[in-house]
Amino acid sequence: QVQLVESGGGLVQAGGSLRLSCAGSARTVSNMGWFRQAPGKEREFVAAISWSGFSTYYADSSKGRFTISRDNVKNTADLQMNSLKPEDTAVYYCAASPNSVPRSPSQAAYWGQGTQVTVSS
């Protein structure tokens, strides 16, 4: 069983930056991703990274502003978010999958509890 714990959420003004971190409990390295869910909306893909770190994927809304990275020694996956916009406001979830890079919620095998990101205008 993989446990994921997110940290780094908070309140920031538009144009600001936040760095989210996801710590995994398992020694097995998994493909990891970040998703977000705003009130009244479905959970959506933000970014993902392969177990090796060689491949990264981004939603169109994230490209050029967000960067996903990982540290397989520490078993963490971070999401650096720059140029934040009010529409980025959501609960952000870390996800992991041993078999595929999670680019849709159905591809994620494990989820963290979520961390709130609020961007004020």
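Q: How do you know that the link of Cys22 and Cys94 is left-handed?
A: The angle about its S-S bond is -80 degrees, and that goes with a left-handed link. Bear in mind that this is a predicted model, where local features need pLDDT of at least 70, side-chain atom pairs count only at pLDDT 80 or more, and totals for chains, interfaces and linings use all residues. Residues are numbered from 1 along each chain as its sequence is written, and side-chain values use heavy atoms, with hydrogens and water left out.

Q: Why is the pair Cys22 and Cys94 called a disulfide?
A: The sulfur atoms of Cys22 and Cys94 are 2.0 Å apart, and the rule asks for a pair of cysteine sulfur atoms within 2.5 Å, so the pair qualifies. By this rule the count is 1 disulfide. Cys22 sits in strand β3 and Cys94 in strand β9, 72 residues apart, and the pair links these distant parts of the chain. Strands here are DSSP runs of E with at least two residues, numbered from the N terminus.

Q: What makes Cys22 and Cys94 count as buried?
A: Buried means under 20% relative accessible area, exposed means over 50%, and partly exposed is in between (1.4 Å probe, protein chains only). Cys22 comes in at 0% and Cys94 at 1%, so both get the buried label.

Q: Why is the contact of Asp78 with Arg19 called a salt bridge?
A: The term needs a side-chain nitrogen of Lys or Arg within 4 Å of a carboxyl oxygen of Asp or Glu. For Asp78 and Arg19 the closest N and O atoms are 3.3 Å apart, so the pair passes. Asp78 lies in strand β8 and Arg19 in strand β3, so this bridge ties together parts that are 59 residues apart in sequence. As for exposure, Asp78 has 15% relative accessibility and counts as buried, while Arg19, at 43%, is partly exposed. The structure holds 5 salt bridges.

Q: What makes Arg36, Glu44, Arg65 and Asp88 one network?
A: Salt bridges that share partners join these four residues. One of the bridges is Arg36 with Glu44, at 2.6 Å between the closest N and O atoms; another is Arg65 with Asp88, at 2.7 Å from N to O. Arg65 lies in the loop between β6 and β7 and Asp88 in the loop between β8 and β9, so that pair ties together parts 23 residues apart in sequence.

Q: Which members of that network are buried, and which are partly exposed?
A: Arg36 has 7% relative accessibility and counts as buried. Arg65 is buried at 11%, and Asp88 at 1%. Glu44 has a relative accessible area of 37%, so it is partly exposed.

Q: How do you know that β7 and β8 pair?
A: Two strands pair if DSSP finds at least two bridges between them. β7 and β8 (residues 76-81) have 6 bridges in the antiparallel sense, so they clear that bar. Along this pairing, Thr67 stands opposite Gln80 in β8.

Q: Why are β1 and β7 called edge strands?
A: The open sheet has 4 strands in the order β1-β3-β8-β7, with antiparallel pairing. β1 (4-7) and β7 (66-71) each pair on one side only.

Q: What does β11 pair with, and in which sense?
A: Strand β2 (residues 10-13) joins β11 through 4 bridges and runs parallel to it, with Gly10 opposite Val117. β9 joins β11 through 3 bridges in the antiparallel sense; there, Tyr92 has Thr115 as its bridge partner.

Q: How do you know that the side chains of β11 alternate?
A: Thr115, Val117 and Val119 point to one face and are buried, while Gln116, Thr118 and Ser120 point to the other and are not.

Q: What makes a set of residues a nonpolar core?
A: The members must be buried Ala, Val, Leu, Ile, Met, Phe, Trp, Tyr or Cys residues joined through side-chain atoms within 4.5 Å. The largest such core has 23 residues, and Met32, Trp34, Leu79, Met81 and Tyr92 have the most contacts inside it. β9 gives the most to this core, with 4 residues. A second, separate core has 7 residues, including Phe45, Ala95, Val101 and Ala108.

Q: Which residues does Met81 contact beyond its sequence neighbours?
A: Leaving aside neighbours within four places in sequence, the partners include Leu18, Leu20, Phe66, Tyr92 and Val117. Contact here means heavy atoms within 4.5 Å.
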